[in-house]
Every structure is written in structure tokens, then in C-alpha cells.
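Got your viewer open? Let's take a walk through this structure, one selection at a time.

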Amino acid sequence: MTTSFGAATGIVVPTDPEFRLQSFTGLKSSHSIALTRNLRVFPVPFCSPTLIRAVSTPVKPETSATEPKRSKVEIFKEQSNFIRYPLNEEILTDTPNINEAATQLIKFHGSYQQYNRDERGTRSFSFMLRTKNPGGKVPNQLYLTMDDLADQFGIGTLRLTTRQTFQLHGVLKKDLKTVMGTIIRNMGSTLGACGDLNRNVLAPAAPLMTKEYRFAQETADNIAALLTPQSGFYYDVWVDGEKFMTSEPPEVVKARNDNSYGTNFPDSPEPIYGTQFLPRKFKIAVTVPTDNSVDILTNDIGVVVVSDENGEPQGFNIYVGGGMGRTHRMETTFARLGEPLGYVPKADILYAIKAIVATQRDHGRRDDRRYSRMKYLISSWGIEKFRSVVEQYYGKKFEPFHELPEWEFKSYLGWHEQGDGALFCGLHIDNGRIGGKMKKTLREVIEKYNLNVRITPNQNLILCDIRSAWRRPITTVLAQAGLLHPKYVDPLNLTAMACPAFPLCPLAITEAERGIPDILKRVRAVFEKVGLKYSESVVIRVTGCPNGCARPYMAELGLVGDGPNSYQIWLGGTPNQTQIARTFMNKVKVQDLEKVFEPLFYYWKQKRQPKESFGDFTTRMGFEKLQELVDKWEGPVQPPARYNLKPFADKETYEAMEELAKLQNKSAHQLAMEVIRNFVAAQQNGKSE
């Protein structure tokens, strides 16, 4: 059996409409057209015999005889010899940058080419490297290595990402091989951290020893291994083909090699991806019931452990179709929440994941990258058709989705027991940026106590495997570096996130990471002005562009850059990240944010229902009413000063004052205050005379 790459193969189309294949065959291997007894095929309109090609998009009848349109990136991939050429040549040239094709290909290796947008004139190019750490796990050796690399080859800081990885900024082209090789040789990898393939697999970062949490982490590891590229391009480019032995569970190898239902390219060095990999990025998260620390509904695939009454994992619920990225002023692009696909027994999870990936690989659009994420395929097809096609690759029907309890956002900040006698400590890191004294102190603690760490999806850091006797000295030294217990951190900061944006991100329209500290201070000032308590908070997320890296469309208050010093305002997310926000206002200048924040927070305080979150309040009120309140806003009504609240010493005086007040169409309180003011004024006048 051979794959269809390199040569087209004719297909005889059955005449029975119940067994007719779609004309869009995408990237299926030649084996994948064979129908088996377990394969479900849905009826489609008659189409003339077609060809399987290396790349395809849904073929319209009027263009079926011509070569399908493909994006430029698809051509780069096809001509790259499995993501090698021309990157392998470009990194050896004397220029500080690489060409367009290599710029696209280096993403698959975990890097983006950038330049400093604060500087004018000649562009100063550098590269951002992103690691791949399933479930956010970082061995001690790798943390110390990344800390060293940031100082030696980066800009002196490490960035924790919303997908539980490191970002290392400012690496020069001439240092790329050194840095990449150092990461690889110290238990790390950047392979697949970017590019059109499965990205880092999320899982709860807490190192809890319960069966469910351990199983979730193990599953994340196995999914990451299953979908790791196999053709060796990463090691060929960065360590000259040197082999690094890694052990994989036999169930992962078995699932990857299985081609019972046409998921694989049997003769390809990339059995799952082929030469073209996926149409776009692909994101997966694994978690346990109630724990939404991973923003489960924002992923292409969300996997939830389902256990029996004894806490023993039995299988998984699967969500599909989440995704954040969109394009301004293009309503055909949108953020979307995942929806239930079904349930699978635990032994089948890798086969189900592979079937979903194969469906997106073969049917996702490759002509226009704005519509290439799986969320658009599901939105176009509907969940029933999508499930039917996935079942063809899976070879089984999905079982009904199991009922789940309410989701909660869990930050795991502060001190907690792991369940094995050790402790872990969750540290809040503003926007995930580790630098200065904080960086030095973390290095000292992690090195001295030989700690492993984990990165959370909220850009925070967890120190693991801490002995009880170490708790006090670690707490003291961390506090001296500003790494405080969460009860000493502003609640607004604890849930806030921002993407890096300026100066290095080429997609940024306005500030995010550099702007959010001031924005949070201004929100806190508005809270104080309208009378909200310090302990009250809202989930605020800021991004410099609409791609949504900090997941702003799940925030109660999302700020999305839509122009220089300008934001689109999104409202309606919830604290547990289960409801998508909607656009409330466009083009709000950064200096005018209080004109929107003040009325929104004032009326939330005045009109909310008991325990109603800000996001739920904005949804209940409706955007039309909220816009009216913003437009008419003239400032909060100042409550009477506290010393004016009790002007009456006894009931008789109050009743007498009330009778007099009625004659003047006033309240007893108003009349009493007038009398007091007049008396004080008379006394002041007497003194001046």
C-alpha cells in the first residue's frame, strides 16, 4: 500500500448513493477509501470520479476539474522535504533573518522570527523559542537550563505562556542551533510548540496524587507522544541528526501504527501527518471533572476523565470545536466554544483522538488559513455530520456523553498538600514574566532544593515536591522577592492575563503585557470610586490583536486591540470560563476606558442579584441597556457622608421634623440637614464679624 502523495490515483465511485464518497478527499491515504464493515458512510450528492491529491479543499462543482486552490503555506510544506528545506540552509547564512518559506517552517520547530517594533529604521531580527511541556511539567534540569539561556542568549527574562510552556525571546539567528541543541540535551524540546500540528497538550498543573489527576496527566503525555512528528526533521536541523532515545508506552506506539480505519499514510515517515501536516494549529486539553484550570472549552479537543463512584477512571468525555482566533471586521471568523462529541472507554482514547485529527487533516480547509481551524469545519458541517465522519476513522460509534458537575476555575496558588507527604506552592507571576530579582530568587530556590516545577495555563508557576521543613524558609525568601501568598496580591491581578504583544510580536496592534499593569490599577481605582470592595474581582484579559492568545473571549471583561492605543471591549464571560463573551464596544481609546468602566461597575454594584458575577450581570442586563447607561453616564451618585446619617437623637424629634418637612415637600432628613447647615453657616458668619 502506498500513500497518494506524489501521484494521483483514480477512484471508481460507486453508483449507489448510500455508498458514495465525498468529492473532497483531502489528504487521505490510498487505504482510507476502502469501506469496512465498521465504517459508516453518509449519503452525498452524486459527483463524477475524482482524484486523491496530496492537498485538497472542498471542491466546488464548477472547479472540480482544476487544481484546488491552496494557501502559500501549503506549498511551502509540500516542497520542504518534511519541514527541512529551505530552513536547514537559511539558518547557516550570514543574514540576521531567514526567508519567507523558512519563516513558516521554523514554526514547526517551535520558533517565530520577530523584530523589535519599538525601533525605527533597520529591523533588528531575533527569534522567539517556545518549549513543549505536556501538562506544564518542567524537570529541575530543564528549568535551570532555560534560566541560563535567557541570560546568555535571550533578553534576560522567561515568559510563562497560557499553554503551560516557556517562551524565550531575543535569540539571534547565529545562536539558534546552540540554544536549540542545549534545550534538547537537557530534557527539553520545542518540537511542535508552533506550526500546523498538535501544540502543547494542557492538563491541570497541580501535582495532586489522586487517581484522576494522575490519569489526566498520563493521558496528556500519551496524546502528546502520539501526535509528535516522527520524520526526524527537528533533530536533523538542530543537532545534525543526533538521536535522542525516548521511551514511549507500548499503547502509544500501537495506536500510532494502527491503520485499521484509514487514519495513516502507511509508507510515509509521518504516518499521521503526511507531507502536509494539519491545515492549521491544533490544541488539546485534558482535565478532570470540575477543574477548569485549562479553559477546556477553548480547545480543538477537550478531554475529561470520567470515573466510577470509587474514583477509578473508566473513560473520557470528549468536547470538540473550540478556538479563540478571529479577524476584526470579518463576521465569518469567530471565537467558538467546544461542544460534546461523545464518550469513549479509556482504552480507546488514543484511537478517538487520532480519528478526530485525521478528520480535520483530510477535511479542514487549506485554501484560506483564516478558516482552517477545526471549529470552522464543525460549524459548517454541524456536530452530527462531524461525529459521523470521525466514527468512520474511529471504527466505532461514540457512546453518549456522561453528565458532568459544574466547572470551577482553580488557580492552585498558595501552599497545598500533594497527597504523597510533600507540598506544592503555587506562585502568582504577573503576565507570566519572570525577570529581575524574582528570576534570581526562583533560580536559587529551585536549585537549592532540587525542585521540579509546573507551569499553569494562567501563566503562573508551581514549585513541586517540597518537604514540610522547607516551607518556612522558602516562603520567607520568596516574599523578599515579591512572590507573595495570594491573599496579599490584588484579586484583580490573580485572574488577569495578557499576551506579550509589543514590542516583539509581529501581529500586535496595541499594547497588552506592557499595558495591563496600568489598566488593572485604573480598574481598582474605579472599584474604589463606585464603592466596590477590595475583595471583589472580575476576570480581565488583554490581547494586542484578535488572535486571542490570552483567551480574552472567555473573560468577564476582555480588551482586544483593534487599533493604536485602542481596544475592542468584550463582555459576558464567566469566572469559571464556560460562557463566551460578546463584543460590546469598538475603538475605545485607552485614555477613555474609565468612561466605560465606571458606569458598568457602578451599575453592577447597584443592580446585581445576590452573588451575581460581573459577566452574568452584563449578560442579564443586555448590551442595549448597558450602552444606554454608558452613554448617559455623568458620574456615580455620591452617598451621604457617614456622619450625616443619624441627625436625630430620639423618635419624638424625628416625628416633629417629619411633619414640618411634609409641609415643604421634603423628607425629614433633608430638612434636618438644611437646619444644621444654616446653623453652621450662621455660626461661621458670626465669627467672621
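Before we set off, keep in mind that this is a predicted model.

**Stop one: a pocket**

Begin with the second largest pocket, which holds about 1200 Å³ of space. To find its middle, select Ser189, Thr228, Tyr235, Thr246 and Glu248: of the 31 lining residues, these lie nearest the centre.

Now show the lining in full and colour it by residue type. You'll have 15 nonpolar residues, 10 polar ones and 6 charged ones.

Which helix gives the most to this lining? Select residues 211-226 to see: that's helix 6, and its share comes to 4 residues, the most given to the lining. Add 233-238 as well, since helix 7 also belongs in this picture: helix 6 and helix 7 each supply at least two residues of the lining.

**Stop two: strand 7 and its partners**

Next, select residues 166-171, which make up strand 7. Is this strand mostly covered or mostly open? Covered: 6 of its 6 residues are buried.

Bring in residues 125-130, and you have strand 4, which pairs with strand 7 in the antiparallel sense over 3 bridges. Zoom in on Arg130 and you'll find Gln167 of strand 7 standing opposite.

Then add residues 158-160. This is strand 6, another antiparallel partner of strand 7, joined to it by 2 bridges. Here Arg159 has Gln167 of strand 7 as its bridge partner. So keep Gln167 highlighted for a moment: Arg130 stands opposite it, and Arg159 is bridged to it.

Follow the chain round the hairpin of strand 6 and strand 7, where 5 residues sit between the strands. Pause at Gln164, which takes a positive phi near 65°.

**Stop three: a sheet with a helix across it**

Last stop: an open sheet of 5 strands, in the order 17-18-19-20-21, with mixed pairing. Select 497-498 and 582-589 to mark strand 17 and strand 21, the two edges. Each has a single partner strand, so one side of each is left without a neighbour in the sheet.

Move inward to residues 557-563 and 566-571. These are strand 19 and strand 20, paired in the antiparallel sense over 6 bridges. For one of the contacts to look at, pick Gly561, whose bridge partner in strand 20 is Tyr567.

Finally, switch on residues 516-530. That's helix 15, lying across strand 17, strand 18, strand 19 and strand 20. Select strand 18 (540-543) along with helix 15 and compare directions: the helix runs at about 145° to this strand.

How values were computed: Residues are numbered from 1 along each chain as its sequence is written. This is a predicted model: local features need pLDDT of at least 70, side-chain atom pairs count only at pLDDT 80 or more; totals for chains, interfaces and linings use all residues. Side-chain values use heavy atoms; hydrogens and water are left out. Two strands pair if DSSP finds at least two bridges between them. Contact means heavy atoms within 4.5 Å. Axes are lines fitted to C-alpha atoms, for helices over the stretch in contact, and angles run from 0 to 180 degrees between N-to-C directions. On a 1 Å grid over the protein atoms alone, a cavity is a set of points where a 1.4 Å probe fits but cannot get out, and a pocket is an open set with protein on both sides within 12 Å along at least five of seven lines; lining residues have an atom within 4 Å of a point. Grid points are joined across faces, edges and corners, and a volume is the space filled by probe spheres set on the points. Ala, Val, Leu, Ile, Met, Phe, Trp, Tyr, Cys and Pro count as nonpolar, Asp, Glu, Lys and Arg as charged, and the others, Gly among them, as polar. Buried means under 20% relative accessible area, exposed over 50%, partly exposed in between (1.4 Å probe, protein chains only).
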